[in-house]
Amino acid sequence: MSAKKKQSSPTARRPNKVLDRLRDKLQLDESDWTRFLTLAVAGFAEFEMEYDRCGVDELERLSLKNVPKEWFSDAVPFSFAARRVFRRGRANLHGAVARYFLGLLDELGTDQPYPGGIGLAWLKLAEAGLGECVHPATMAELAVWHSEEFLDHLKLDEMADVIRLWLTALEQPTAWDVAATLVAANRATRHNLHTFRLFDSLMAADWLASDVKTVLCRALLECSPQKDQFDTRVREIKHSLKSGKWLNVPALFVSLADYPLERQLPGLRRHAVRTLVLNLGAPPEEVIDEFFLWRQDAWPRSPDLAAVTEGVLELVDVFADRLGAERVKKLVSRALRQANSQVRLSAYRVGLAQFGVEYARRALKDDSRPVRKWAEKALSASNKSQFRSRVARKATSQTPNND
């Protein structure tokens, strides 16, 4: 009876000059090199599955000796190996692998596809203290021209860090640059709520100049001269396209010129009006007077415009003590007379927070079903809170005094 053939390890290999040169570039010891090869094989298996090169059964048999040697020097397949290292490997592997992977991008031609995970590699390189290995301006230009690949495969917290690297790599980032990063991030996350959170974090960041934040927020709110700066940039881009210079304009900028940020992210203006006060220090009274019931006549055609007043009402709630009860009541009453149900809901919330459950009871008779459902929940929560308070007071009164 013949002896059973011993199954080889996925990383077992014969002497290979390609891998020997790669190990020299990565400068890994034996333990880290073995771990890297294991993760790389798993990443290449994901590459084969992604591009339908083989079936599941073949993936189970994939080993290092079956990996084409050119994959270790091709940015697209190696990107899968790199991402596997970033997600599953120890931190001491990240810097070396990121540096090698980003170096492979230099060999790509203009007509070749770029791999995903570029921003992730830049982030891992920076975290490893090797940021000087790449030119920041080159990376920022790469982000503009290949934004989809740049922000692909990032977690939400990583997205904010990569956007910071992107913007700080520019000598003087403008409001247009910030708007472009938000468009790119929204495409990557495919969820407006995540992009709203990113906007809030950018507006709260100390490293981003206040005048840039002001221009962006007031441009979103169609204020002059800030909106004029954006309009000028849009005209320049469209002129370049009409002149046949479309190869000189990144697709990201074309998208922003064709569809302004407020159209791509309905509801962002709500965050912009809050930022003017909460992050940029504008007097709340002036911002409330300027934007309360902003463009009310256009609400039926563009309901998202009402989001500005929702943001204003949130400011009213935050600065109620400063405004005074009488003025708060007047603002809430004016908002409750509006046809937009979201504005009324925001007003009811302010009334409940500042003056008690009477506003929740009034909301039970509102024409909007979502408003009535909110009122039911608010009253239910209030009743439970009152019941717990009564029980607590009763228990306290029945506690014997040991003194």
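**Pockets and core of the predicted model**

The lining of the largest pocket divides into 18 nonpolar, six polar and eight charged residues. The structure is a predicted model. The volume of this largest pocket is about 620 Å³. Its lining counts 32 residues. Among them, H146, S147, E148, E149 and D152 lie nearest the pocket centre. Six elements each give two or more residues to this lining: α4 (75-88), α7 (136-145), α8 (147-150), α9 (156-168), α10 (175-189) and α14 (251-258).

The second largest pocket holds about 430 Å³ of space. Here the lining is made by 19 residues. Nearest the centre of the second largest pocket lie L105, D106, Y114, T138 and L142. Two or more residues of the lining come from α5 (91-104) and likewise from α7. The most is given by α7, with five residues. By class, the lining of the second largest pocket comprises nine nonpolar, seven polar and three charged residues. Helix α7 thus appears in both linings: it gives two or more residues to that of the largest pocket and five to that of the second largest.

Attention now turns to the interior. The largest nonpolar core contains 133 residues. Within this core, the residues with the most contacts are F36, F78, L151, L216, L261 and F291. The element giving the most to the core is α10, with nine residues. Helix α10 also gives two or more residues to the lining of the largest pocket.

F36 illustrates the contacts of one such residue. Leaving aside residues up to four places away in sequence, F36 touches L22, L26, L28, F78, V85, L93 and V97. One of these partners, F78, is itself among the core residues with the most contacts.

A loop residue, L265, was examined as well. L265 sits in the loop between α15 (261-264) and α16 (268-278). L265 has a relative accessible area of 1%, and is therefore buried, since the cut-off for buried is under 20%. With residues up to four places away in sequence not counted, L265 touches N186, N192, T195 and F196. The loop residue L265 and D304 are 39 residues apart along the chain. Their C-alpha atoms are separated by 9.7 Å.

Note on methods: Residues numbered from 1 in each chain as written. Predicted model: local features only at pLDDT ≥ 70, side-chain atom pairs only at ≥ 80, totals over all residues. Heavy atoms only, no water. 1 Å grid on protein atoms, 1.4 Å probe; cavity = no way out; pocket = protein on both sides within 12 Å on 5 of 7 lines; lining within 4 Å. Points joined across faces, edges and corners; volume = space filled by probe spheres on them. Helix = DSSP H or I, 4+ residues; strand = E, 2+ residues; numbered from the N terminus. Nonpolar A, V, L, I, M, F, W, Y, C, P; charged D, E, K, R; others polar. Core = buried A, V, L, I, M, F, W, Y, C linked by side-chain atoms within 4.5 Å. Buried < 20%, exposed > 50% of the residue type's maximum accessible area, 1.4 Å probe, protein only. Contact = heavy atoms within 4.5 Å.
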